[in-house]
Amino acid sequence: MKDRKHARPPVLGQRRLKRGAREAKAAREQERDRRKELRDVANRHILVNVANLGPNRSYGTPEFVARGYYMDMPFNCKACGIAQVWTEAQQKWWYESAKGDVWTVAVMCRPCRRRERARRAEARETHLSGLSAKGKVAN
Ligand SMILES: [Zn+2]
């Protein structure tokens, strides 16, 4: 009896060692899987470079930042209703080169955006010439 009792701790110790080795192996495999997943993601998607993003003036983290990579985003143009895809490359350009607000997303197709820009420029023009006309009247 006494011998068996004495024999127990080493057995438990061995089990613990084995379990430790098993857990270490599982952790290594998990790490390997995680790295492979990251590599796969990098191969399939454009990664977000957080350092290039414009200032985030709101609380919280946008989904694409938390995710770490861009995903093509289907949407319907709010002006003409046509189905569009805001591509990963376009998103990277908007957020990282144009420093667009990280909480904004594309809502209009390219032709409608161009038309909207022209309309706004014209409205500004009209407004400014209206102001200078008023100025002339006042002088
Ligand atoms: Zn449109």
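Helices in this report are DSSP runs of H or I with at least four residues, and strands are runs of E with at least two, numbered from the N terminus. On that basis the chain, which is a predicted model, has four helices and two strands. Read along the sequence, these elements follow the pattern α-α-β-β-α-α. The radius of gyration is 30 Å, well over the 14 Å that the globule rule gives for 139 residues, so the chain is more spread out than a compact globule.

**Overall dimensions and domains**

Taken along the principal axes, the C-alpha atoms of the chain fill a box of roughly 115 × 35 × 20 Å. Buried residues make up 4% of the 139 residues. The domain assignment divides the chain into domain 1 (1–44) and domain 2 (50–138). The C-alpha centres of domain 1 and domain 2 lie 51 Å apart. Among contacts between residues at least 6 apart in sequence, 54% join residues at least 24 apart.

**The hairpin**

Strand β1 covers residues 73–76 and strand β2 covers residues 83–86; the two pair in the antiparallel sense over four bridges. Together β1 and β2 form a hairpin with six residues between them. Within the turn, G81 has a positive phi of about 80°. Across the pair, N76 stands opposite A83 in β2.

**Residues at the start of β1**

D72 is found in the loop between α2 (63–67) and β1, while M73 lies in strand β1 itself. Leaving aside neighbours within four places in sequence, D72 is in contact with V85, T87 and E88. With the same kind of neighbours set aside, M73 is in contact with V85, W86 and V105. V85 thus appears in both lists of contacts. D72 and V85 are 13 residues apart in sequence and 6.4 Å apart in space, C-alpha to C-alpha. By the C-alpha to C-alpha distance, M73 and Y59 are 23 Å apart in space, with their positions 14 residues apart in sequence.

**Exposure of three residues**

The table gives the number of other C-beta atoms within 10 Å for D72, M73 and K99.

| Residue | Other C-beta atoms within 10 Å | Class |
|---|---|---|
| D72 | 13 C-beta atoms | partly exposed |
| M73 | 15 C-beta atoms | partly exposed |
| K99 | 12 C-beta atoms | exposed |

A residue counts as exposed if 12 or fewer other C-beta atoms lie within 10 Å of its own, and as buried if there are 20 or more. K99 is exposed because 12 other C-beta atoms lie within 10 Å. M73 is partly exposed because its count is 15, and D72 is partly exposed because its count is 13.

**The loop between α3 and α4**

K99 is placed in the loop between α3 (88–97) and α4 (110–138). Its phi is positive, at about 55°, although K99 is not a glycine.

Notes. Residues numbered from 1 in each chain as written. Predicted model: local features only at pLDDT ≥ 70, side-chain atom pairs only at ≥ 80, totals over all residues. Domains from an automatic or database assignment. Rg over C-alpha atoms; globule rule 2.2 N^0.38 Å. Contact = placed C-beta atoms within 7 Å. Pairing = 2+ DSSP bridges.
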